[in-house]
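Reader: I am new to reading structures. Can we take this one step by step, with reasons?

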Number of protein chains: 2
Amino acid sequence: MSGKASSTRRSGCPVSIALDLFGDRWSLLIVRDLMVRGYRTFKEFQQSGEGIASNVLAGRLRRLQAEGMITVEVEESDGRRLNYRLTEKGIDLAPVLLELYVWTARHENTGAPCAVIEAMRRNPRELIAEVRRRWRERDSTPLIPRPGDGARSANSRSLRKERKR
Amino acid sequence: MSGKASSTRRSGCPVSIALDLFGDRWSLLIVRDLMVRGYRTFKEFQQSGEGIASNVLAGRLRRLQAEGMITVEVEESDGRRLNYRLTEKGIDLAPVLLELYVWTARHENTGAPCAVIEAMRRNPRELIAEVRRRWRERDSTPLIPRPGDGARSANSRSLRKERKR
DNA sequence: CAGAATTACTTGCAAAGTACAAGTGAAAGG
DNA sequence: CCTTTCACTTGTACTTTGCAAGTAATTCTG
């Protein structure tokens, strides 16, 4: 249910409605950071390598929250930190993200670990279940190793496109 | 093959790459118009009810073409008309669009025919196959009846059988 | 406990992108 | 021919974004 906050809804088409909520350069990237990278804080999003401006990030977080896709809570051990987390509604975006991964892996040469993508494609249900499990148990370990992270560098090799910053 | 035209690619993440190509309010709506509504011409996109400005539409069509997601050809019977059509790459966005439909149907109250969505969700493969068939045969009848259209799609029957993936 | 650091923002401003109205040129119809 | 249709382009106002800098609340450090 819901959908109260949107300002400029123009047609009743589901795709249109969805794009009203996250049809921009940043919203889905934030969801990805939360879902597959295990990021939780403003700073992590900011430093995730995409180069989102802090004012825009703040705005997006506000909107995602208003739309019920994420929640915020103060971290117990450190009152400065806010932890953003996906709601059920946000987690349900997993299949969308999954299909985006699959499409991109097929049509653009990405540095993404193809084996992981293949596995995801083969049993999406298990993947979704895993995302849910992490959410319940507050497990923040990345679902997919980041290209560039030391841990699984077997995959980072193929990443050779132009990189800004 | 792959993305050559993109100007501001910032990270190698597949989601990021994909959002570079259609992470905006309009691109995916154009793909939807082509895929599920059977639209082919500039004018149809313009009048599809979302209110895209003509200069922006022109720009998006140019970009989708540059990225290899659509092609253009002059209509034989009328030299004024250009027909835009999805390429394989464009058609492969069907699962993304499908999951967007599913997500929206679940979380926002949309006016969309839930039965159709349910059917799509149950056997995505058949849906994708149907989209491909339409493309091959240049069948432009809408895949999903537009909310508000009285008539049902001629082919919605083919989305009935169950099949898991 | 004072000062430095960290976190999550906000503010101001220039640049880029978008919306709206109007116009252009080529092809088709009457 | 002259008008209409189609696929855009152009000009201008408005909105959003990107960037640098600043602020308030905590927390760390000596």
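Author: Start with two helices in this predicted model. Helix α1 (residues 14–22) of chain A packs with helix α2 (residues 27–37) of chain B. Their axes are 10 Å apart, at an angle of about 170 degrees.

Reader: Why is α1(A) called roughly antiparallel to α2(B)?

Author: The angle is about 170 degrees. Angles over 145 count as roughly antiparallel. Therefore α1(A) is roughly antiparallel to α2(B).

Reader: Which residues of α1(A) and α2(B) meet?

Author: From α1(A) come A:V15, A:S16 and A:L19. They meet B:L28, B:L29 and B:R32 in α2(B). To count as in contact, C-beta atoms must lie within 7 Å. By class, this contact has 4 nonpolar, 1 polar and 1 charged residues.

Reader: What makes a residue count as near a DNA strand?

Author: Its C-beta atom, placed from the backbone, lies within 6 Å of the strand. Around DNA strand D there are 20 such residues. A:G79, B:T41, B:F42, B:K43 and B:A58 come nearest.

Reader: Which element gives the largest share of the surface near DNA strand D?

Author: That is α4(B), with 4 residues. Other elements supply at least two residues each, among them β2 (78–86) of chain A and α3 (42–46) of chain B. The surface divides into 7 nonpolar, 7 polar and 6 charged residues.

Reader: What comes nearest to DNA strand C?

Author: Of the 20 residues around DNA strand C, A:T41, A:F42, A:K43, A:A58 and B:G79 come nearest. Here α4(A) gives the most, with 4 residues. By class, the surface near DNA strand C has 7 nonpolar, 7 polar and 6 charged residues.

Key:
Residues numbered from 1 in each chain as written. Chains lettered and ligands numbered in written order. Predicted model: local features only at pLDDT ≥ 70, side-chain atom pairs only at ≥ 80, totals over all residues. Axes fitted to C-alpha atoms, helices over the stretch in contact; angles between N-to-C directions. Parallel < 35°, antiparallel > 145°, perpendicular 65-115°, else oblique. Contact = placed C-beta atoms within 7 Å. Nonpolar A, V, L, I, M, F, W, Y, C, P; charged D, E, K, R; others polar.
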